[in-house]
Amino acid sequence: MLQLTCEELTKAGFGLPEVLLLDTPTNSSALTLILAVWYHRSTPGGTCFIYLRDASETQAWCAGVAVECSLAAQEDGDDAAWWLLRRSTFPDRFDQLAAFTGESRELVLAKCHAGIVRTKEAWDSAPTASTAEREAFYGTTDAYLYELIVYEDPIPVQQPAAEAQLRQFELAHGSGGLVLRSAQYGPIAAYDISEVMRAFLRFRVARYYPHLADRIQVLDEWASLPLESFDLVHAYHVLEHMDDPQDVLRRLAGLLKVGGHVHVIAPFDAVGPEYPEHNPNLAHLTVPDLFEAAGLEQVNTYPVGVWQAYVGVRR
Ligand SMILES: C[S@@+](CC[C@H](N)C(=O)[O-])C[C@H]1O[C@@H](n2cnc3c(N)ncnc32)[C@H](O)[C@@H]1O
């Protein structure tokens, strides 16, 4: 077993079968980074013993990255402990993307690491002055795939309960993590303007999540979806990229049954060099104002990382 300090682990190459991690930080964000490095560099089925100086607080972080997290030894009269973490042998999202693109896992990870910078470079080098050019950019770029997959939350692998039958639609599904998770609650249709995203999501469902295949429908267009037939509609981080988000939200509201909900994240005011793809002409808009104009009642709002999600209901 390799015995590494945090610094050595951060520099270590890929394919570590077993690691004994010494010198763990007490700062939880530093520890999260170290855990992520270990997880992404270890081989499927690899193990890691990690010494946590503040076991009570940081155990949750370990459980979040590893498929198995168990207490290996506890120091007497102290909160500090050794934990055993094991990486799943099930291909994780980076393995899935590597299988889709035909690249190595290392190359996929490197591109993901450069995520937001790669997307910005792709945007800066593409013609984006007209609506048609912007749609062509979103329709063909693969940059978002590598950027978005980094942020996916864990995807449940169990069979959804048969009685979970919430009818859902997601606009702009990106790499597809939300679709795969939401299938636990009921059937979900999803559309993204990007052909690559649609192909990747179809590939993931067929190869890795076949138990969800009868619940997930990846659409080539969403104009012909039946009106007033959905319980839940998601539109995360897409309205601020569009020309006429008001019209799109009205169309989304029209898909909802009476009593159906829409969840929206749209930071219209995040414009400028850091967010080149966000339409600067929309900076004055707010989601609550858009809800009102679309006849939706705002019933909740909650933080998602640094962003704010809004929930509207169709009365
Ligand atoms: C910032 S990403 C967000 C993706 C995903 N909703 C998430 O939160 O991870 C923006 C997504 O919107 C998609 N998109 C851009 N314009 C679109 C349009 N007019 N219709 C549908 N999808 C669009 C892009 O292809 C991209 O996947």
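Me: Before we look at helices, what counts as two residues being in contact, and within what distance?
Reply: Happy to start there, and please keep in mind that this model is predicted. The test uses C-beta atoms, which are placed from the backbone. Two residues are in contact if those atoms lie within 7 Å.

Me: Which residues in α5 do Phe94, Asp95, Leu97, Ala98 and Thr101 in α4 meet?
Reply: Helix α4 covers residues 93–101 and helix α5 covers residues 105–113. The residues of their contact divide into 6 nonpolar, 1 polar and 2 charged. On the α5 side, the partners are Arg105, Val108, Leu109 and Cys112.

Me: Are α4 and α5 roughly parallel or roughly perpendicular to each other?
Reply: Their axes are 9 Å apart, and the packing angle is about 110 degrees. Angles of 65 to 115 degrees count as roughly perpendicular. The two helices, α4 and α5, are therefore roughly perpendicular.

Me: How far apart do the C-alpha centres of domain 1 and domain 2 lie?
Reply: The domain assignment places domain 1 at 2–86 and domain 2 at 154–314. Between their C-alpha centres, the separation is 35 Å.

Me: Which residue in β5 does Leu71 stand opposite?
Reply: Strand β4 (residues 68–74) runs antiparallel to strand β5 (residues 81–86), and 6 bridges join the two. Of the 7 residues of β4, the number buried is 0, so β4 lies largely in the open. Opposite Leu71, in β5, stands Trp83.

Me: Which strands stand at the edges of the open sheet, each with a single partner strand?
Reply: Try following the order β8-β7-β6-β9-β10-β12-β11, in which 7 strands form an open sheet with mixed pairing. From one strand to the next, the twist averages 15 degrees. A strand with a single partner has one side left without a neighbour in the sheet, so the edge strands are β8 (216–218) and β11 (296–304).

Me: What is the bridge partner of Leu171 in β9?
Reply: Strand β6 (residues 168–171) and strand β9 (residues 230–236) run parallel, joined by 4 bridges. Leu171 is paired there with Ala235.

Me: Is Ala172 buried or exposed?
Reply: You can find Ala172 in the loop between β6 and α9 (177–182). Its phi is near 65 degrees, a positive value in a residue other than glycine. A residue needs 20 or more other C-beta atoms within 10 Å to be buried. Ala172 has 23 such neighbours inside 10 Å, so it counts as buried.

Me: What is phi of His237 near, in degrees?
Reply: His237 sits in the loop between β9 and α11 (245–255). With 19 other C-beta atoms within 10 Å, His237 is partly exposed. Its phi is positive, in a residue other than glycine, and is near 55 degrees.

Conventions. Residues are numbered from 1 along each chain as its sequence is written. This is a predicted model: local features need pLDDT of at least 70, side-chain atom pairs count only at pLDDT 80 or more; totals for chains, interfaces and linings use all residues. Domain bounds come from an automatic or database domain assignment. Axes are lines fitted to C-alpha atoms, for helices over the stretch in contact, and angles run from 0 to 180 degrees between N-to-C directions. Angles under 35 degrees count as roughly parallel, over 145 as roughly antiparallel, 65 to 115 as roughly perpendicular and the rest as oblique. Ala, Val, Leu, Ile, Met, Phe, Trp, Tyr, Cys and Pro count as nonpolar, Asp, Glu, Lys and Arg as charged, and the others, Gly among them, as polar. A residue is buried if 20 or more other C-beta atoms lie within 10 Å of its own, exposed if 12 or fewer, and partly exposed in between; C-beta atoms are placed from the backbone. Two strands pair if DSSP finds at least two bridges between them.
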